[in-house]
Amino acid sequence: MSDMKELLRMLGELDDQLVSCMRCGMCQAVCPIYGQTGRETDVARGKIALLEGLAHEMVKDPAGVQDKVTRCLLCGSCQANCPSGVKGLDIFLKARAILTAYMGLPTVKKLIFRGMLTKPGLFNNLLSFASKFQGLFTTPANDIIGSSCSKFLEPVLGDRHLMLLAKTPLHKDVPSLDTPAGKSGLKVAFFPGCLADKIFPRVGHAVLKVLNHHGVGVFMPAGQACCGIPALSSGDKESYDKLVRANLAVFAKGKFDALLTPCATCTSTMKKIWPTMAQGMSPAEQEAVRELSAKVMDVNAFVIDKLGLTPPKANDDAIAVTVHDPCHLKKSLGVSAQPRAVLSLNPRYKVAEMAASDACCGCGGSFTLTHADMSARIGQQKRDNIKNTGAQVVAMGCPACMLQISDMLSRNGDRVSVKHPMEIYAEGL
Amino acid sequence: MNDALRKDFEALVGKENVMESESDRFSYAYDAAVLDPVLPSLVVRPETREALGKVVKLCNDNGLPITVRGSGTNLSGGTIPSKGGVVILTNALNKILEINEADLYAVVEPGVITAKFAAEVAARGLFYPPDPGSQAVSTLGGNVAENAGGLRGLKYGVTKDYVMGVDFFDVDGEIVKSGSRTVKCVTGLNLAGLMVGSEGTLGVFEKITLKLTPPPLAAKAMMAIFDDVAKASETVAAIIAAKIVPATLEFMDNFTIRTVEDFAKAGLPVDAQALLLIEVDGHPGQVADEAEKVEAICKQQGALRIQVAKDAAERNKVWEARRAALSALARVSPTTVLEDATVPRSKIPAMMHALGGIASKYKLTIGTFGHAGDGNLHPTILTDRRNKEEWHRVEAAIDDIFDVALSLGGTLSGEHGIGMAKSKYMEKETSRATILYSRRLKKALDPKGILNPGKIIGE
């Protein structure tokens with residue numbers, strides 16, 4: 001699509017959602033980016049006004065609007081705080097797809113999404129190849145966090161402190177699983193997600209250990225694809241649809257009570273975004289999406305709500321762990337008590353709350369690459385809040401937040417380890 | 001705008017604080033009023049008060065209209081740059097310059113967020129009472145320019161009751177000082193009073209001195225349920241007649257009750273015709289005594305049921321319903337027109353009756369809630385501005401609402417301001433002489449007519 005008429009028609013379909021914004025501006029109180037810049041185009045009200053302006057031909061610069069609309073972490077803070085219930089995330093994802101269809105996808109992203117991400121086998125092989133050589137270009141930065149930095153990659157990655165690809169990704173150690181329900185009587189499907197597979201396989205192993213310990217059967221098929229959010233947030237609906245279909249196909253082969261992921265972003269994508277973005281699919285596919293989405297559950301919520309575990313009393317010499325609430329867990333899914341309960345299942349730990357635990361860490365997926373300075377400024381506030389608790393460990397149910405927070409702590413030379421709540425529970429088993 | 005002039009602005013505030021792209025300008029073309037957007041030519045965001053003054057002078061030297069904008073939450077179009085020109089953002093001027101605990105005042109820059117200020121004051125054990133609905137994002141400069149109200153108006157008054165002084169720039173960028181840090185001050189004309197509610201038409205605020213008070217030590221909230229609007233409003237009158245002034249005395253009509261219940265499931269009685277939400281505060285002994293009396297008065301006046309909050313959690317539950325009112329109404333339809341015509345509190349039954357008539361005459365949905373204690377109701381029209389035919393009926397209904405409010409001895413606006421939306425009704429409430437006097441005043445202070453032109457008094 002490159003003609004303006006088609007762009008206007010597609011934006012017109014968003015009109016019913018756009019018009020529900022009454023311009024009250026309450027989103028200014030919670031938007032992490034607006035908090036940094038004080039600019040109206042950075043907050044949901046400004047972005048919605050621009051999209052409406054474009055749709056009604058009051059604004060004639062789609063490139064300018066696209067530039068503004070993508071300066072967004074997709075954290076959902078605006079949506080969670082909106083008095084009139086405007087579905088900001090939904091609007092911005094659809095708008096990105098519409099604007100990208102009009103403007104075209106940049107070549108680099110085309111290469112990444114269409115050439116690699118949508119081909120899970122190739123994606124795995126390429127990264128496994130890369131993991132063997134990454135040591136040549138990087139030097140260790142912080143042994144507690146396990147981060148590295150790279151002079152060689154500085155032009156692309158800036159001064160960030162990276163978490164390297166794991167030597168052995170989860171899918172190499174555990175290619176697939178199909179075990180029956182044990183004493184719990186429950187069987188789940190397990191979707192580790194890209195980051196828990198390739199960078200934090202220790203999180204995937206921890207989940208499997210916990211499930212095994214409680215007699216939960218696991219269906220973990222080979223050939224799982226990315227949940228699709230990186231492609232969708234770049235407006236590449238075509239690649240996104242391919243990824244959703246690939247996942248529908250592999251999970252159709254199993255029978256299970258719930259589909260668990262240890263990643264807040266994957267969970268909220270599969271549970272909230274898949275159904276709202278399924279309009280282009282066949283009725284049968286839409287039904288399959290609805291059925292699978294309904295079963296998706298955060299792994300912390302499963303352990304507490306479905307296994308019904310209750311935390312013991314913490315030891316007197318318990319280690320303080322502070323908890324970060326990932327946006328896609330608390331604001332999108334309303335899950336915030338369960339991760340705290342999960343880590344309290346290990347009596348060697350006790351929770352020490354930080355200020356503004358539900359403030360965004362500033363990652364926002366590729367936002368951290370495209371808007372590195374802003375992302376780091378938002379991340380620094382999170383780091384300061386973590387540091388102020390004096391806790392030795394920070395826990396969070398989202399590997400994407402783990403990446404960002406590891407980077408921020410490591411850059412500051414802090415000796416605070418970054419863990420998933422399931423790792424902490426699994427340690428004690 | 002031509003390159004040379006833009007560069008002059010860049011020299012004053014820095015390149016990064018001057019915005020000229022279409023998408024940037026469009027995002028400062030509107031506020032929270034249901035009005036058409038108008039694009040400014042330029043948007044500037046001074047980071048120092050000194051730069052703010054220079055920007056004002058540069059605008060005046062070049063005859064450029066100025067619209068000063070804090071968080072853009074205005075409900076009457078006061079921050080829409082209706083004549084184009086320059087939008088000046090104050091949100092980078094957000095320092096609390098002083099909180100003086102001995103002399104009970106604070107000095108702030110105009111871009112300080114109301115709720116952040118109130119929290120900072122509370123952390124020092126003091127109290128800043130004005131609490132407009134938008135306080136989580138609104139700026140103190142905007143509050144003063146609009147003379148913002150809030151839920152606590154009945155007992156604690158509104159923003160004007162807390163303004164001790166305003167230092168502001170005249171159109172030449174010179175600082176005019178007014179007011180004082182002392183409780184008493186009769187030095188010179190009351191220019192601070194002139195600035196309050198002037199909606200950016202007479203000067204640009206540089207810093208504001210605000211009065212603080214000790215906080216009440218205790219509070220008690222209750223909900224009274226009525227089968228008749230008249231009974232609820234007679235209860236309001238009876239409470240005041242008993243020499244009790246509650247901190248808040250809020251009202252909800254049946255439509256609002258049903259909508260809130262649908263949305264928030266707060267356990268409200270959906271068949272009730274009216275609800276009063278009442279909170280008394282002060283010394284614990286006085287609170288206990290007044291709460292008892294208020295409860296007795298409600299019973300006497302025929303309340304069907306009274307729920308008194310026993311603890312903080314229950315108190316919170318009472319207010320949860322009120323806080324949900326606008327959200328719940330806003331979700332019913334795409335466009336929400338929130339009016340604030342205000343009548344003497346004894347006229348609330350007549351006003352409610354008239355609103356019912358207007359809703360049926362124009363076949364519109366109107367939910368009404370608001371500050372019963374001070375007669376400041378919020379009839380909220382639920383509509384869709386894309387439906388042209390219905391929108392005409394909405395406009396006619398708004399005309400009628402103002403006519404009724406004025407005929408009952410009320411006023412056009414309790415707390416939202418006149419801006420663009422209500423300037424055409426001004427003469428109905430005041431007089432031709434009032435408009436002309438105001439225009440002469442403005443002409444003398446702002447000969448080129450650059451300060452938020454067209455607002456309040458037209459031109």
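Guide: Welcome! Helices (H or I, at least four residues) and strands (E, at least two) are DSSP runs, numbered from the N terminus. This is a predicted model, in which local features need pLDDT of at least 70 and side-chain atom pairs count only at pLDDT 80 or more, while totals for chains, interfaces and linings use all residues. Residues are numbered from 1 along each chain as its sequence is written, and chains are lettered from A and ligands numbered from 1 in the order in which they are written.

Visitor: How do I read two packed helices?

Guide: Two packed helices are described by the angle between their axes and the distance between the axes. Axes are lines fitted to C-alpha atoms, for helices over the stretch in contact, and angles run from 0 to 180 degrees between N-to-C directions.

Visitor: At roughly what angle do the axes of helix 8 and helix 10 of chain B cross?

Guide: Helix 8 (residues 229–241) and helix 10 (residues 284–300) of chain B cross at roughly 140 degrees, and their axes come within 9 Å. That makes helix 8 of chain B oblique to helix 10 of chain B. Here is the scale: under 35 degrees counts as roughly parallel, over 145 as roughly antiparallel, 65 to 115 as roughly perpendicular and the rest as oblique.

Visitor: Is the crossing of helix 8 and helix 10 of chain B left-handed or right-handed?

Guide: A crossing is left-handed if the near helix is turned anticlockwise from the far one by less than a right angle, and right-handed if clockwise. For helix 8 and helix 10 of chain B, the crossing is right-handed.

Visitor: Which residues of helix 8 of chain B meet helix 10 of chain B?

Guide: Residues are in contact if their C-beta atoms, placed from the backbone, lie within 7 Å. T235(B), A238(B) and I239(B) of helix 8 meet V294(B), I297(B) and C298(B) of helix 10. Five of the residues in this contact of helix 8 with helix 10 of chain B are nonpolar, one is polar and none is charged. In this scheme Ala, Val, Leu, Ile, Met, Phe, Trp, Tyr, Cys and Pro count as nonpolar, Asp, Glu, Lys and Arg as charged, and the others, Gly among them, as polar.

Visitor: May I see a second pair in chain B?

Guide: Try helix 1 (residues 3–13) and helix 3 (residues 49–61) of chain B, whose axes come within 9 Å and cross at roughly 165 degrees. That makes helix 1 of chain B roughly antiparallel to helix 3 of chain B. Their crossing, helix 1 with helix 3 of chain B, is right-handed. D8(B), F9(B), L12(B) and V13(B) of helix 1 touch A51(B), K54(B), V55(B) and L58(B) of helix 3. This contact of helix 1 with helix 3 of chain B has six nonpolar, no polar and two charged residues.

Visitor: And in chain A?

Guide: Helix 15 (residues 237–251) and helix 17 (residues 283–295) of chain A pack at about 70 degrees, with their axes 11 Å apart. That makes helix 15 of chain A roughly perpendicular to helix 17 of chain A. The crossing of helix 15 and helix 17 of chain A is left-handed.

Visitor: What is the order of the three strands in the open sheet of chain A?

Guide: Two strands pair if DSSP finds at least two bridges between them. The order in chain A is 1-2-3, with antiparallel pairing. Strand 1 (139–142) and strand 3 (162–163) of chain A are at the edges, each with a single partner strand, so one side of each lacks a neighbour in the sheet. Strand 1 and strand 2 (residues 147–149) of chain A pair over three bridges.

Conventions. Two residues are in contact if their C-beta atoms, placed from the backbone, lie within 7 Å.
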